[in-house]
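Colleague: I have a few questions about this model before I set anything up. Can we go through the contacts one by one?

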Amino acid sequence: MTLRKDLAIIADWITPQSRILDLGCGEGELLAYLRAEKGVQGYGVEIEEARVVAAIRRGIPVIQQDLDQGLRNFADHSVDTVVLSLTLQASTYPRELLLEMLRVGREVIVTFPNMGHWHARWQLGVRGRMPMTDVLPHTWYDTPNIHLCTIRDFESLCHDNGIAIHQRVVLNERRRETWRNRLLPNLFGEVALYRCALMAR
Amino acid sequence: MRHYKNRFAQAVATLSCGQRLARLDSFSFPYKTKCAMPAEIPADSVGLVTPQTVTFSAPLELECGRALPGYTLSYETYGTLNAQRNNAILLCHALSGDHHAAGYHSMDDRKPGWWEHLLGPGKAMDTERFFFVCANFIGSCKGSTGPASINPETGTPWGLDFPMVTVRDWVKTQAELAEHLGIAQWAAVVGGSLGGMQVMQWTMDYPERLRHAVVIAAASKLTAQNIAFNEVCRQAIMTDPDFHGGRYYAHDTKPRRGLSLARMIGHITYLSDNAMRTKFGRDTRGGKAFSFGFDVDFEVESYLRYQGSSFVEHFDANSYLYITKALDYFDPANAFGGNLAEAFASTQAAFLVISFSSDWRFSPERSREIVQALYTCNRDVSYAEIEAEHGHDSFLMPIPQYVAVLRAYLGRVAEEVGA
């Protein structure tokens with residue numbers, strides 16, 4: 001079983017035999033891999049009907065639920081890790097969702113498309129058009145992605161809300177980590193991956 | 001993911017009003033279409049089926065402390081039990097249901113079994129892969145022992161001397177049926193409404209005897225409002241002058257008005273406001289002007305009266321009393337100080353929980369409570385909340401997303417057991 005590069009990095013960060021929640025799990029690719037390869041006990045959360053069916057077909061426990069309604073049904077610290085993969089930008093209340101994730105899990109893994117990427121800047125800054133990329137393929141008037149941010153924006157959100165960043169990986173448009181990404185992540189990173197937890201008080 | 005609700009609204013809007021009515025008509029309100037048995041049985045039906053009975057002569061200790069001196073179960077099976085005997089699925093029926101889940105009893109049958117839309121060759125519950133068993137529960141009146149059966153001690157019908165039976169007792173009798181059929185472990189136990197309660201009880205009482213539990217449009221306990229509806233139904237029956245303290249059999253009569261009223265009340269609660277509005281609106285019978293009297297003016301009155309009076313012909317009023325009580329009493333968390341997660345702690349099955357958006361008698365909120373409890377005690381659980389406009393009755397209907405979820409889940413179960 002091979003995973004997309006960004007999912008493979010997430011999978012690497014997950015502790016074997018741990019309990020996880022994958023928010024916006026899609027068809028359950030990540031969970032299927034983690035259950036098979038790392039003995040992880042996990043649940044997916046998904047709202048889209050066809051994806052719920054596909055995840056069930058895969059044998060993944062999936063709970064049909066709207067993330068915009070919060071995570072009230074999941075108790076405090078009831079899982080080790082909460083994953084939110086390429087979904088933060090589509091949520092109505094990203095900050096509240098992030099804080100809810102940190103309530104439910106000990107650690108959270110968040111990935112999102114970086115709007116600071118040079119290609120997005122080029123499209124908006126030079127061409128004067130709203131950016132459309134491989135990760136953000138929608139037109140401005142028909143996009144589920146309503147809360148786009150840059151790497152700097154996200155890190156400032158973490159800073160302001162007492163969220164500690166434990167690890168960061170930035171991938172370019174070919175889903176690779178290069179020296180340019182490390183040097184200027186907000187310019188050369190197309191997808192950003194974070195491991196975070198609440199700062200110790 | 002964000003467009004989900006919009007897309008649903010669009011899908012509904014693109015159906016013309018006529019199409020929507022036709023869809024409702026086709027499976028929701030058979031009284032108008034008077035569907036006669038087709039000349040040929042459809043290829044995706046299990047076809048002609050013959051009910052079977054089995055009698056257990058040993059006394060059955062009941063939860064209420066009393067015992068039944070033996071009992072009979074009426075049941076049907078569909079599909080073939082494989083050599084490993086591991087492809088069996090138990091179906092649990094609801095209040096007014098019975099063992100006749102699919103197919104026809106004769107070529108003169110007007111209607112097929114209650115889960116015909118979902119159960120048959122190639123359907124979501126596929127009789128080509130699984131062996132299905134459905135038994136009428138005791139206390140009912142469709143061939144299994146109930147208050148209308150003869151009490152061996154008196155030689156007359158039990159009436160209200162019949163002991164109170166509970167969901168737990170039903171599950172016990174189904175376990176005895178499983179032994180009788182040589183089924184050590186069900187691939188799944190599936191049920192809707194009161195049937196879903198039996199499924200949950202199965203996972204708690206016989207954790208190692210089922211692999212999967214499919215709980216549809218159910219609740220872990222009735223709300224006060226729900227018990228209230230049941231009580232009104234019971235009062236309607238018990239205050240009918242023809243009730244005779246439950247001994248109406250001896251008077252060669254039955255509490256028709258009471259039972260009919262109970263069914264009418266039930267029917268209102270099984271449908272959604274929208275479904276009734278769509279179907280009946282304020283249409284008058286035959287488009288006639290108001291009568292300015294108390295006979296039927298509106299279509300909805302006519303429909304309810306028809307439902308009530310036809311129900312009386314095939315259902316025993318005492319059974320209605322006993323079954324609604326079993327519903328009211330069901331509350332497995334009660335023994336654990338109200339903690340449902342603790343009640344599920346002993347279970348081993350994987351769960352699929354399904355609810356319907358417009359179901360207000362067993363609302364999605366009740367299903368979410370079940371899911372939350374299962375999550376808390378680390379069970380594998382999937383949950384689907386189906387957008388549907390037919391209220392509680394949705395669980396009987398071939399709603400595409402509902403069918404897709406069931407098919408996906410049971411497809412997985414089939415692979416797991418090699419069926």
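Colleague: Which residue forms a salt bridge with B:Asp242?

Modeller: B:Arg257 does, and the closest N and O atoms are 3.2 Å apart. Keep in mind that this is a predicted model.

Colleague: Where do B:Asp242 and B:Arg257 lie?

Modeller: B:Asp242 is in the loop between helix H6 (224-238) and helix H7 (256-270) of chain B, while B:Arg257 belongs to helix H7 of chain B, so the pair ties together parts that are 15 residues apart in sequence.

Colleague: And how exposed are they?

Modeller: B:Asp242 is partly exposed, at a relative accessible area of 23%. B:Arg257 has 54% relative accessibility and counts as exposed.

Colleague: Which residues do salt bridges with shared partners join into one network?

Modeller: A:Glu46, A:Glu48 and A:Arg51.

Colleague: How many salt bridges does a search of the whole structure find?

Modeller: There are 29 over all chains. One of chain A's is between the side chains of A:Arg106 and A:Asp80, at 3.7 Å from N to O.

Colleague: Which strands are those two in?

Modeller: A:Arg106 is in strand E5 (residues 105-113) of chain A and A:Asp80 is in strand E4 (residues 79-85) of chain A. The two residues are 26 residues apart, and the pair links distant parts of the chain.

Colleague: Is A:Arg106 buried or exposed?

Modeller: Exposed, because its relative accessibility is 53% and the cut-off for exposed is over 50%. A:Asp80 is partly exposed, with 24% relative accessible area.

Colleague: What about A:Glu96, what does its side chain meet in a salt bridge?

Modeller: The side chain of A:Arg95, at 3.5 Å from N to O. A:Glu96 is partly exposed, with a relative accessible area of 39%, and A:Arg95 is partly exposed too, at 38%.

Colleague: Switching to rings. How many aromatic pairs are there over all chains?

Modeller: The search of the whole structure finds 26 aromatic pairs. Among them is the pair of B:Trp202 and B:Tyr206, which is tilted, with 5.2 Å centre to centre and 50 degrees between the planes. Both of these residues, B:Trp202 and B:Tyr206, are buried.

Colleague: And B:Tyr248 with B:Tyr249, what is the angle between the planes?

Modeller: 40 degrees, so that pair is tilted, because tilted covers whatever is neither under 30 degrees nor over 60. The ring centres of B:Tyr248 and B:Tyr249 are 4.5 Å apart.

Colleague: Which of the two is buried, B:Tyr248 or its neighbour?

Modeller: B:Tyr248 counts as buried, since its relative accessibility is 1%. B:Tyr249 has a relative accessible area of 23%, which makes it partly exposed.

Colleague: Which residues form one aromatic cluster with B:Tyr375?

Modeller: A:Tyr43 and A:Phe74, so the cluster has residues of chain A and chain B. The ring of B:Tyr375 also has the charged end of A:Arg19 over it, 4.5 Å from its centre.

Colleague: What lies over the face of A:Phe188?

Modeller: A:Arg180, at 4.6 Å from the ring centre.

Colleague: Next, helix H3 of chain A. Which of its residues are buried?

Modeller: In H3, residues 49-58, the buried ones are A:Glu49, A:Val52, A:Val53, A:Ala55 and A:Ile56. Seen down the axis of H3(A), these buried residues fall within an arc of 165 degrees, so they line one face of the helix.

Colleague: What follows H3(A)?

Modeller: A:Gly59, with a positive phi near 85 degrees.

Colleague: Which residues is B:Ser382 in contact with, leaving aside neighbours within four places in sequence?

Modeller: On the chain A side, A:Ile56, A:Ile60, A:Pro61 and A:Val62. Within chain B, the contacts are B:Phe351, B:Leu352 and B:Val353. B:Ser382 is in strand E14 (residues 381-386) of chain B and is buried, with a relative accessible area of 3%.

Colleague: Last topic, chain A overall. What does its secondary structure come to?

Modeller: Eight helices and seven strands. Buried residues make up 57% of its 201 residues.

Colleague: What is the radius of gyration of chain A?

Modeller: Chain A has 16 Å, which agrees with the value near 17 Å for a compact globule of 201 residues. Its C-alpha atoms fill a box of roughly 45 × 40 × 35 Å along the principal axes.

Colleague: And what share of contacts with a separation of 6 or more comes from residues 24 or more positions apart?

Modeller: In chain A, 63%.

Technical notes: Residues numbered from 1 in each chain as written. Chains lettered and ligands numbered in written order. Predicted model: local features only at pLDDT ≥ 70, side-chain atom pairs only at ≥ 80, totals over all residues. Heavy atoms only, no water. Buried < 20%, exposed > 50% of the residue type's maximum accessible area, 1.4 Å probe, protein only. Helix = DSSP H or I, 4+ residues; strand = E, 2+ residues; numbered from the N terminus. Arc of directions from axis to C-beta. Phe/Tyr/Trp six-rings, centres within 6.5 Å; stacked < 30°, edge-to-face > 60°. Lys NZ or Arg CZ within 6 Å of the ring centre and 35° of its normal. Contact = heavy atoms within 4.5 Å. Salt bridge = Lys/Arg side-chain N within 4 Å of Asp/Glu carboxyl O. Rg over C-alpha atoms; globule rule 2.2 N^0.38 Å.
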